[in-house]
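Here is a short tour of the structure shown below. Keep the sequence at hand as you read.

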Amino acid sequence: RGVNKSKDMLPSNDFTPSVIERLTREINKDKPPNQTRLRITQYLSLPYVNEYHKRKVYQILRQNDLLDKTKVSFYPDKKLGEILTRSALHPTPCNKQSASKCYDCDDLCMQKNIAYKLTCNICNAKYCGETGRFKRNRCWEHLKSVRNKNNKTAMGKHYLMSHPEIKEIPIEPFKFEVLKVCKDYADRMIWQSLYIKQLLPKINTQLSPEADSWQKTTWAIM
């Protein structure tokens, strides 16, 4: 536009056509290509939620005259399977409502699907068990059974059979240890059987009518 205006003015100032043409060529030579089309493009990357969310983003850009200047890309968010897998690797911290209901509290209080070992703090007898519920809940059931002197759990039955002379139950009657974090019920039963075979816990043998009953139960599941 400025070049054309200059070309109109030069003849009135006694410039010859050859000189005007040469000046025009030099101006065009120094001019960067596509100068008038130079435009800044912005890039925006957002997590994909749903189609409504996607349309809303484009609508906002259009209302603010940014749609032609912005390139938008949507990346997929985490899938439910990835969230569940990641949460399984990192157990939920214990919310510990009260100290009396969280016996032997540790980082695995809220872990499910475990094979575990109990050790009696009086005679050092051991028990290998499994549970699909929170470690805290199962531990509390054993403790409650011992304190109430009933046979609803293996450790409660052990105290009735092996320590009937004890009138006051110790504050810490046993130790609870997680041996293995398992995948499902069958996995728990297999690992429980392996630990029973390896550790030969006295309480399991004490409560079993047959010495190899744990093995028969496990292979029946498989």
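## Cysteines

Searching the whole structure turns up 0 disulfides. Please keep in mind that this is a predicted model.

What keeps C120 from being bonded to its closest cysteine sulfur? That sulfur belongs to C123 and sits 3.7 Å from the sulfur of C120, and because a disulfide needs the two sulfur atoms within 2.5 Å, the pair is too far apart for a bond. As for solvent, C120 has a relative accessibility of 1%, so C120 counts as buried. C109 also has a relative accessibility of 1%, which means that C109 is buried.

## The loop around I122

I122 is found in the loop that links β3 (114-120) and β4 (126-131). Is I122 buried or exposed? The answer falls in between: its relative accessible area is 40%, so I122 is classed as partly exposed.

Setting aside residues up to four places away in sequence, I122 makes contact with Y159, H163, I166 and P170. Another residue to look at here is F174: 52 residues separate I122 and F174 in sequence, while their C-alpha atoms are 7.9 Å apart in space.

## A β-α-β unit

If you turn to strands β1 (residues 42-48) and β2 (residues 70-76), you will see that they run parallel and are joined by 7 bridges. Within this pairing, S45 is placed opposite S73 of β2. Helix α3 (residues 51-63) completes the picture, forming a right-handed β-α-β unit together with β1 and β2.

How values were computed. Residues numbered from 1 in each chain as written. Predicted model: local features only at pLDDT ≥ 70, side-chain atom pairs only at ≥ 80, totals over all residues. Heavy atoms only, no water. Pairing = 2+ DSSP bridges. Helix = DSSP H or I, 4+ residues; strand = E, 2+ residues; numbered from the N terminus. Right-handed = clockwise from strand over helix to strand, strands pointing away. Buried < 20%, exposed > 50% of the residue type's maximum accessible area, 1.4 Å probe, protein only. Contact = heavy atoms within 4.5 Å.
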